Amino acid sequence: MDQLMVVYGEAKLRKLRRKQKVRARVKAKAEEEEATKSENRAIHAAATASNAAKKAVKILAKSGDTLKLIIAGAPASGKGTQCAIIKENFGVVHLSTGDMLRAAVAAGTEVGKQAKDFMDAGKLVPDDVIIGVVKDRLAAEDCQSQGWLLDGFPRTQAQAQALAQAGVSADCFIFLEVPDDILVERVVGRRTDPETGDIYHLTFSPPEDDEVMARLVQRSDDTEDKVKVRLEQFHANVDAVKGSYTDISVDVDGTKTPQMVSQVIATAIAAKVQSKA
């Protein structure tokens with residue numbers, strides 16, 4: 001009887017293992033199919049964004065106009081990724097205030113010299129000087145011929161009003177919406193490779209190489225406490241900034257894949273261009 005129970009138990013165990021293997025194969029197949037679907041959706045979204053951009057560029061070329069864009073979003077909302085895609089699709093000049101300030105200082109322009117005085121003294125560069133730097137940069141030949149994309153500027157209502165008073169207007173104000181809890185997760189998990197400068201995420205995009213993983217470092221301001229402070233500062237000003245661009249504002253769900261987000265952005269920009277034509 002005991003031997004029979006052992007045999008029965010082994011048979012039951014083998015049957016259980018076969019079921020587990022079948023379940024594992026089914027799960028792997030389902031994951032593979034979903035990955036394929038996701039890839040196909042991404043390809044379709046990218047193609048849709050590209051086609052929308054091409055139509056908009058043709059309309060602009062016929063009218064002799066250029067595209068003027070502003071993109072805003074909290075830290076880790078995906079602005080950097082979308083700016084790169086917008087630049088590729090529409091051919092505009094990507095501009096951030098930090099880059100513009102450094103370029104103006106290096107070029108020794110009048111506003112660049114003013115900015116340098118404040119920066120050397122460890123003080124914040126006042127809005128009127130920043131607006132002067134931005135206005136000079138937007139008047140440059142490449143911005144005039146290719147159009148421009150202001151990244152994360154203006155940051156306050158005062159800056160938005162000063163920009164308008166300086167005669168700077170945009171065709172579309174793009175706002176990336178992402179809940180704070182997701183933003184915190186994105187920032188806290190972010191890591192940088194000190195040797196290459198490449199950025200990874202421990203959850204969403206970890207490095208495949210163990211050696212790279214071992215040398216990753218976290219930026220000092222990428223902690224939960226510090227990112228929450230940055231988010232508070234962002235939320236304190238964003239509604240007022242958006243209020244300055246109500247007629248041209250487009251809210252985009254930044255929690256979607258980069259390709260899906262870029263599709264929505266490109267379609268919105270194309271619509272704005274067509275409405276002007």
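Helices and strands are DSSP runs numbered from the N terminus, a helix having at least four residues and a strand at least two. The structure described here is a predicted model. This briefing considers the loop residue Leu202, which is found between β6 (199-201) and α9, and two charged surface patches, one negative and one positive.

**Leu202 and its surroundings**
- Leu202 belongs to the loop that runs between β6, residues 199-201, and helix α9.
- With a relative accessibility of 38%, Leu202 counts as partly exposed, because that class lies between the limits of 20% for buried and 50% for exposed.
- When residues up to four places away in sequence are left aside, Leu202 touches Gly189, Arg191 and Met213.
- Leu202 and Arg186 stand 16 residues apart along the chain, and their C-alpha atoms are separated by 9.3 Å.

**The negative surface patch**
- Glu208, Asp209, Asp210 and Glu211 together form a negative surface patch.
- Among them, Glu211 lies in helix α9, which covers residues 210-215.
- Glu211 counts as exposed because its relative accessibility is 57%, and the exposed class begins over 50%.

**The positive surface patch**
- A positive patch on the surface is made up of Arg14, Lys15, Arg18, Lys19 and Arg23.
- One of these residues, Arg14, is located in helix α1, which spans residues 2-63.
- The relative accessibility of Arg14 is 44%, so this residue counts as partly exposed.

Note on methods: Residues numbered from 1 in each chain as written. Predicted model: local features only at pLDDT ≥ 70, side-chain atom pairs only at ≥ 80, totals over all residues. Heavy atoms only, no water. Patch = residues over 30% accessible without salt bridge, like charges linked within 9 Å, V, L, I, M, F, W, Y side chains within 5 Å. Areas by Shrake-Rupley, 256 points an atom, 1.4 Å probe, with all protein chains shown as cover. Salt bridge = Lys/Arg side-chain N within 4 Å of Asp/Glu carboxyl O. Lys, Arg positive; Asp, Glu negative; His and termini not counted. Charge placed at Lys NZ, Arg CZ, Asp CG, Glu CD. Buried < 20%, exposed > 50% of the residue type's maximum accessible area, 1.4 Å probe, protein only. Contact = heavy atoms within 4.5 Å.
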